[in-house]
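Me: I would like a close look at one part of this protein, a single buried position and what surrounds it, followed by some helices and cavities for context. Please take me through it with care.

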Amino acid sequence: MTTKDYRHVHSAIPGLIGDLEKGKISRREFLRTVTLLGLSAGAAYGLAGRITGEALLPAAHAAEGAPKKGGVLRVAMPVQEITDPAIFDWPEKSNITRHLVEYLTITGPDNITRPYLAEKWQASDDLKTWTFYLRKGVKWSNGDEFNADDVVFNFKRWLDPKTGSSNQGLFSAMLEEIDTGRKDKDGKAVLEKRMIANAIEKVDDHTVRLNLRTPVLSIPENLYNYPCAIVHRDFETMGANLAKNPIGTGPYALVEHKVGERAVLRRRKDPYWGGEVYLDEIHYLDLGQDSMAAIAALASGQVDVLHRLELETLDAAQAIPDVVVSKADTALTGVIRMKVTEKPFDDIRVRKAVVLCADNAEILQKAYRGMGTVGENHHVAPIHPEYAKLPPLKRNIEEAKRLLQEAGKEKLKLEIAVGNAYGRWEQDSVVVLKEQLAAAGIELKLNVMPAAQYWEIWNKVPFGITVWVHRPLGVMALALGYKSGVPWNETGYSNPQFDQALAKAESILDVEERRKQMAVVEKILQDDAVMVQPFFQSVLSAHTAKVKGYQTHPTLYHQFNQVWISA
């Protein structure tokens with residue numbers, strides 16, 4: 001197939017092929033971009049292979065033998081409430097429900113996004129119009145046909161401020177800010193984000209169109225963010241509770257769910273639109289916060305998979321016979337963030353002093369054995385395709401002291417909330433930072449609490465460490481956490497210059513130009529000193545050798561449709 005033959009998919013694809021041939025972009029950037037523009041993953045991998053001469057297909061499982069149908073997969077993972085996918089705040093919730101309710105797209109362990117409930121999509125040349133063609137013949141478990149009404153319902157619900165979905169940050173190009181007519185306590189107008197007219201359009205029963213205010217390249221990737229599961233169009237009239245009324249398009253039915261104990265999924269008897277699945281049942285077992293208890297369960301055969309392997313139990317897991325430990329390099333990170341609307345962090349001099357005391361490389365080495373990459377205090381990772389490397393951060397205690405003196409905070413005492421939701425490394429990171437802050441006379445007190453308690457206050461405390469899971473794009477993390485007024489903006493950060501720069505970066509198709517713009521975005525956030533973001537970590541999971549077809553996803557998403565149990 002010649003280069004011009006791809007113009008029917010998107011006019012930019014021939015240029016991207018030329019860029020790959022000339023070595024102007026990496027194969028990862030090529031694969032990610034052309035698949036977002038609507039080229040199939042198979043065609044994209046084949047093209048890249050022919051151009052570079054390298055085998056680029058994702059890892060296959062042929063060496064593991066022919067799949068075997070039947071069996072129960074037992075997974076150690078917290079079992080949380082699963083009422084409403086639109087407001088999920090933990091990926092673990094979605095790991096249970098993603099086998100029931102599915103997504104328009106799916107991003108694999110290779111970080112490439114593929115069609116799912118949408119069989120294909122097309123983007124306009126200006127990236128402001130996205131047309132999704134939905135699969136026909138997909139049935140909900142109650143017998144209804146999946147169609148465009150379901151998708152329209154979900155988008156309207158996600159973007160309704162009353163829902164409180166974090167998806168508002170990802171699809172902000174479909175929103176506008178309006179004056180509610182109300183005033184806040186300071187007499188300022190209260191603004192609210194609402195969906196623009198015709199933002200989601202039903203073209204026909206199996207076609208929907210998104211009409212954006214501004215161009216966005218990452219729409220297909222955004223649609224696999226874990227709160228983007230497509231629920232039935234009557235979800236609200238059915239009670240808006242997936243646990244009590246688990247209607248879905250997926251291959252499994254929810255037959256038991258007890259928060260803090262277990263969840264049981266059983267393969268549906270009716271044919272699944274996505275083809276053969278092998279497991280009879282999937283059991284999620286909540287073993288609590290004791291990481292050694294999880295290791296003991298794996299060693300004794302009580303469970304087959306540890307959803308997440310803690311760093312402190314890595315050696316113990318590797319010592320168990322017939323256990324496979326797998327690792328994925330990710331953008332998962334612990335953000336030691338300051339709430340810029342709360343004292344003393346409303347003073348940028350204080351925030352800058354804290355940042356200047358930090359040595360991120362030392363925190364990575366001491367808190368996580370160096371198993372990751374050093375962060376630059378802007379939440380964009382080297383693994384992200386749009387990442388732009390900034391000049392190295394330099395610790396400067398004398399400048400930190402000067403800023404504190406100027407702010408009248410020479411004897412600053414701070415308290416930080418720590419929940420250890422993803423392991424002891426969170427607390428260890430803050431302990432190292434405490435030692436670093438002491439050099440400038442800053443006294444830091446740790447308030448260590450149960451993870452559940454931390455998540456009740458994570459976006460309210462003035463100072464805290466919050467874990468953000470991997471997203472395939474840096475712009476996704478920034479849109480969710482730092483854009484003005486979005487639900488997950490835990491820092492209270494609001495900078496119109498940053499918002500505008502991020503929107504521009506989201507709209508640029510050319511890889512080199514996008515990276516230049518991302519350097520601007522990263523530098524604004526770094527200069528505003530809202531966080532010490534020490535490192536991006538590699539995530540670990542473990543499973544017994546009899547579990548086949550399993551890959552660790554960088555977001556620790558469970559995709560068990562093609563997993564089986566060997567004899």
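Reply: A residue counts as buried here when its relative accessible area is under 20%, and as exposed when that area is over 50%. The model is a predicted one, and every value below is computed from it.

With that cut-off in hand, H470 is buried because its relative accessible area is 2%. H470 sits in the loop between β18 (463-468) and α15, and its side chain is joined to that of N111 by a polar contact of 3.2 Å. Neighbours within four places in sequence set aside, the residues in contact with H470 are N111, T330, A331, L332, I383, P554 and T555, so that N111 appears both in this list and as the polar partner of the H470 side chain.

The strand β18 that comes before this loop also gives the largest share of the lining of the largest cavity, namely three residues. There are four cavities of 30 Å³ or more, and the largest has a volume of about 140 Å³. Its lining is made up of 13 residues, of which D89, Y226, W455, V467 and W488 are the closest to its centre.

On the other side of the loop comes α15, whose residues 474-481 are, together with α17 (511-527), what the buried residues of α16 pack against. Helix α16 covers residues 496-507, and its 12 residues reach 17 Å from the first C-alpha to the last, close to the 16 Å expected at 1.5 Å a residue. Its buried residues are F498, D499, A501, L502, A505 and E506; seen down the helix axis they fall within an arc of 170°, and therefore line one face of α16. P496, Q497 and Q500, on the other side of α16, are exposed. The N-terminal end of α16 is capped by N495, a side-chain oxygen of which lies 2.9 Å from the backbone nitrogen of Q497.

Helix α5 (residues 148-158) may be set beside this: nine of its 11 residues are buried, so the helix is largely enclosed by the rest of the structure. Those buried residues are A148, D150, V151, V152, F153, N154, F155, R157 and W158, and what covers them includes β5 (129-134), α6 (167-170), β8 (200-204) and β9 (207-211). At the start of α5, a side-chain oxygen of N147 comes to within 2.9 Å of the backbone nitrogen of D149.

Note on methods: Residues are numbered from 1 along each chain as its sequence is written. This is a predicted model: local features need pLDDT of at least 70, side-chain atom pairs count only at pLDDT 80 or more; totals for chains, interfaces and linings use all residues. Side-chain values use heavy atoms; hydrogens and water are left out. Helices (H or I, at least four residues) and strands (E, at least two) are DSSP runs, numbered from the N terminus. The expected span of a helix is 1.5 Å times one less than its number of residues. Buried means under 20% relative accessible area, exposed over 50%, partly exposed in between (1.4 Å probe, protein chains only). The arc is that of the directions from the helix axis to the C-beta atoms. Contact means heavy atoms within 4.5 Å. A polar contact is a pair of N or O atoms within 3.5 Å; within protein, one must be able to donate a hydrogen and the other to accept it, and residues adjacent in sequence count only if both atoms are side-chain atoms. On a 1 Å grid over the protein atoms alone, a cavity is a set of points where a 1.4 Å probe fits but cannot get out, and a pocket is an open set with protein on both sides within 12 Å along at least five of seven lines; lining residues have an atom within 4 Å of a point. Grid points are joined across faces, edges and corners, and a volume is the space filled by probe spheres set on the points.
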